[in-house]
Amino acid sequence: MRKILIFILLIPFIACDDWLDIKPKNYVASDEVFTTRENLYAALTGCYDALQLQHYYGRSFIIAGDLLSDNSVAKGTKIELIALDENNLTPDNIIVEGVWEDIYTAINRANYILEGIQDVNFLNETEKNDIVGQLLFLRALHYFNLVRLYGAVPLKLKPTTKNDPSNFLPRSPIGSVYQQIISDLDSAEISIQNIQPQWATVRSARALKALVYLTLADYPHALQYANECLLENPYLESDYSKLFGSYTEPSAEIVFYIPFIPSDNNRLAEYHFPNQLGGRYENAPKSDLVSLIAPSDKRKRWIAESLSTSSGIISYTKKYPNLSTGANNVTVLRNAELYFIRAEALYFTDSVAHFNTILNDINTIRQRAGLNPIDSATALGKLWPILENEKQLEFAFEGKRWFDLVRTNRALVKIPGITSVNQTLFPIPQTEILYNPQITPADQNPGY
């Protein structure tokens, strides 16, 4: 677990209510961060804690990845979630604005330490490089999430304050953002010394690079990094309870995860559990998703547990099972995804030449789930829909489905509410347009 310790003086524009939600319980003043080893590592911990913010991995970012897709449906009363489900977003949507604000808060924390650590004299070069590498991994992850949701975004590489003119930058082209992501990950890969999966590691940098290159349709590099990671550790966990919930000893399958303790206020269980069990039931499995799950599938109770109610049988995900405490860890990268990255990269490279390898990777995941392998005759001519469906099931309610559909140009095919490619990006938040003189209404994403 992590204690939340971080300076909060350098932030992008945020509303007062959001400030109350993210203000940490413990505090290291910005002018004290670089005075002692203890303070510096506390501030580094604060950079990781930014992943826990409510509109980031603490709730909204994860929910959006499924609610925008064909995985789930909004069952509650929150209009911002209903808008996600209907793929009918506006620039003033709370989640559109909140995700942007929280991710830039996280970026600013990383930038602050990246700039100040260069003058620190109480660390040796190995220690300093390790911290820098971890921060670059985090910044790369943040920008990867931003660029996939909003497209071209301001590329902030220096710490800023709310009213500082340097806080207001124009949108950088998508290609430039990806160049910075890859540059940060390249540096992280050669700098990180840490080996604990709740912090950035060399392997997590390589795994993220595999996903970034897959998103860019650079299949040779995606294949290279997925293979490197799986060669080092191909393990798949047989006990699903070690992948979800409040595990204290993470499975060897997990590449990078975000730990949550009760005081971190993770509300993912609350938003997924039915009202009858004390939850809000804001995000529920769609019937089409439930119908894809075989009765013998070990993942069924995690993806879509059944509950008998007065109005009939309903389903809910138990991947965030601790409703009373909210202590539900969030897995960002795990080995199962690397198998799918490799399979997809091989499919788009040459699906005929690599047919057997692709099918073997798919069956490796299926057999872990207690399902029979798919034979070659069944898969012939159907390899892509099989691959797509198997990945949908494996990562349901982990916030990945939307990005998969957008990356493979399948959103318009699979989601009835998507009628234009313009809907595959979020609008730029209204607050950013109002307060940033470098971004005007003319700079808004098409269709908004």
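Guide: Two residues are in contact when they have heavy atoms within 4.5 Å. The model here is predicted. By that cut-off, and leaving aside neighbours within four places in sequence, T331 is in contact with L243, Y247, I254, F256 and Y257.

Visitor: What makes T331 count as buried or exposed?

Guide: Buried means under 20% relative accessible area. T331 has 10% relative accessibility, so T331 counts as buried. T331 belongs to strand β8.

Visitor: What lies 3.4 Å from a polar atom of the side chain of T331?

Guide: The backbone oxygen of L243 does. The cut-off for a polar contact is 3.5 Å, and the distance here is 3.4 Å.

Visitor: How do you know that β4 and strand β8 pair?

Guide: Pairing takes at least two bridges between the strands. Strand β4 (residues 254-258) and strand β8 (residues 330-334) have four bridges, in the antiparallel sense. Therefore they count as paired. I254 stands opposite R334, and I258 has V330 as its bridge partner.

Visitor: Why is β4 called largely enclosed by the rest of the structure?

Guide: Five of the five residues of β4 are buried, so the description fits. The count for β8 is also five of the five, and β8 is therefore described as largely enclosed too.

Visitor: How do you know what helix α6 should span?

Guide: The rule is 1.5 Å times one less than the number of residues. Helix α6 (residues 125-150) has 26 residues, which gives an expected 38 Å. The end C-alpha atoms are 37 Å apart, so the two values agree. In α6, 22 of the 26 residues are buried, and the helix is therefore largely enclosed by the rest of the structure.

Visitor: What makes N124 a cap of the N-terminal end of α6?

Guide: A side-chain oxygen of N124 lies 3.1 Å from the backbone nitrogen of T126. After the helix comes G151, which has a positive phi, near 80°.

Visitor: Why is D66 said to have no salt bridge?

Guide: A salt bridge needs a side-chain nitrogen of Lys or Arg within 4 Å of a carboxyl oxygen of Asp or Glu. For D66, which is buried, the nearest side chain of opposite charge is R401, at 7.2 Å, so the condition is not met.

Visitor: Which side chain has a polar contact with that of D66?

Guide: The side chain of N71, at 2.7 Å. A polar atom of the D66 side chain also lies 3.0 Å from the backbone nitrogen of F397. D66 sits in helix α3 (residues 60-67).

Note on methods. Residues are numbered from 1 along each chain as its sequence is written. This is a predicted model: local features need pLDDT of at least 70, side-chain atom pairs count only at pLDDT 80 or more; totals for chains, interfaces and linings use all residues. Side-chain values use heavy atoms; hydrogens and water are left out. Helices (H or I, at least four residues) and strands (E, at least two) are DSSP runs, numbered from the N terminus. Buried means under 20% relative accessible area, exposed over 50%, partly exposed in between (1.4 Å probe, protein chains only). Lys and Arg count as positive and Asp and Glu as negative; His and the chain ends are not counted. A polar contact is a pair of N or O atoms within 3.5 Å; within protein, one must be able to donate a hydrogen and the other to accept it, and residues adjacent in sequence count only if both atoms are side-chain atoms.
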